[in-house]
Amino acid sequence: MRKLPPLNAIRAFEAAARHESFTAAANELCVTVTAISHQVRQLEAMLGRKLFERSGRAVVLTADGHAVFPLLRDGFDRIASAFATIRPPADGDAITVSTTRAFAERWLMPRLAQFNAAFPSVVVHIDATENLVTPGIKGLDLAVRYGPIDRAEEASVLFKDSYIAVAARTICPSAAGLVIDDFHPRPLLAYRWKNATLDSPAWSAWLAGTAHDASRNFRTSWYSEEPLALHAAEQGLGPLLCSDALVGDQLRDGTLRRIDGPALPGFTFRLMQASGAGTRKSVAAFVDWLRGEAAMFRTGSKPLMTRAA
């Protein structure tokens, strides 16, 4: 008979070590932070070893913690994989993906029918939110995050974007080339970024990089949400400075036209997965499909037909 510490204490330690946070572990396991702390202390008392160094809200694994964590993480992944192999297929499988509302609406959803056709037994739930929700919490399998990255995150990159000025075809002059002065006195459209930590591309920087009549002052019409500003641009309410990743389809079909001017550096869309989620065939299929779509987007290739698993 195996001599094991309480399973709840082991789960609490593994989640806290994986997130490097008692708070994130508590959210994942739907318990209080106090409960996580108590269970970890119980485990440390039974082992006679300290597993975390605590400094205020921060927790860092000790040498003993580092030694045991990978083994426990792999063990839980194997348990999850074992049950995944016998999960009844009758009702299909479901995965949950978190993205920003704009990315879900403008990039992911127009492509999702292709995945549904290839994998009809898989149900995809979209959690569109500006909040940074960690995969693994409350059933979240995958998340597409937007922002700057470091070298350690390069493997998760889907693609990068840039910011260009666009306007609805209905308000554009018939000439081949468009300049921003063509749209005066219409207001410039802009939206308020939810993530205050990002240095958002601004009209002032774009205008500084293109020739225009400086004696004309443009007004700015502000929107609280990025999708609202995109819809406003399509309705011909004015030109918009926006991510080229979110207007690619509209530029191709001519709904929107690009205005002559610079392409300002944007940020990176990257894919995050819950620990162990990749062992599920449905998640692995979606990840492969998403990376394939991202690769075609980067190169401008046409979508390929895929076969259901």
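Salt bridges, then. A search of the whole structure, which is a predicted model, finds 12 of them. I will go through three pairs.

Start with Glu28 and Arg18. Their closest N and O atoms are 2.9 Å apart. Glu28 sits in helix α2, residues 22-29, and Arg18 in helix α1, residues 7-19, so this salt bridge ties together parts that are 10 residues apart in sequence. Is Glu28 buried or exposed? Glu28 has 17% relative accessibility, and since the cut-off for buried is under 20%, Glu28 counts as buried. Its partner Arg18 comes out at 24%, which makes Arg18 partly exposed.

Next, Asp249 and Arg252. Here the closest N and O atoms are 2.4 Å apart. Where do the two residues lie? Both are in helix α8, residues 248-253, with a spacing of three residues, or about one turn of the helix. On accessibility, Asp249 is partly exposed at 28%, while Arg252 is exposed at 58%.

Now back to Arg18 for a moment. Which residues do shared partners join into one network? They are Glu14, Arg18 and Glu28, linked by salt bridges with partners in common. So the Glu28 to Arg18 contact I began with belongs to that network, because both of its residues are in it.

Last, Arg73 and Asp74. Their side chains form a salt bridge with an N to O distance of 3.4 Å. Arg73 is partly exposed, at 29% relative accessibility. Asp74 is also partly exposed, with a relative accessible area of 30%.

As a general point, side chains of opposite charge can pair when their charged atoms come close. That is the set I wanted to show.

Definitions and conventions: Residues numbered from 1 in each chain as written. Predicted model: local features only at pLDDT ≥ 70, side-chain atom pairs only at ≥ 80, totals over all residues. Heavy atoms only, no water. Salt bridge = Lys/Arg side-chain N within 4 Å of Asp/Glu carboxyl O. Helix = DSSP H or I, 4+ residues; strand = E, 2+ residues; numbered from the N terminus. Buried < 20%, exposed > 50% of the residue type's maximum accessible area, 1.4 Å probe, protein only.
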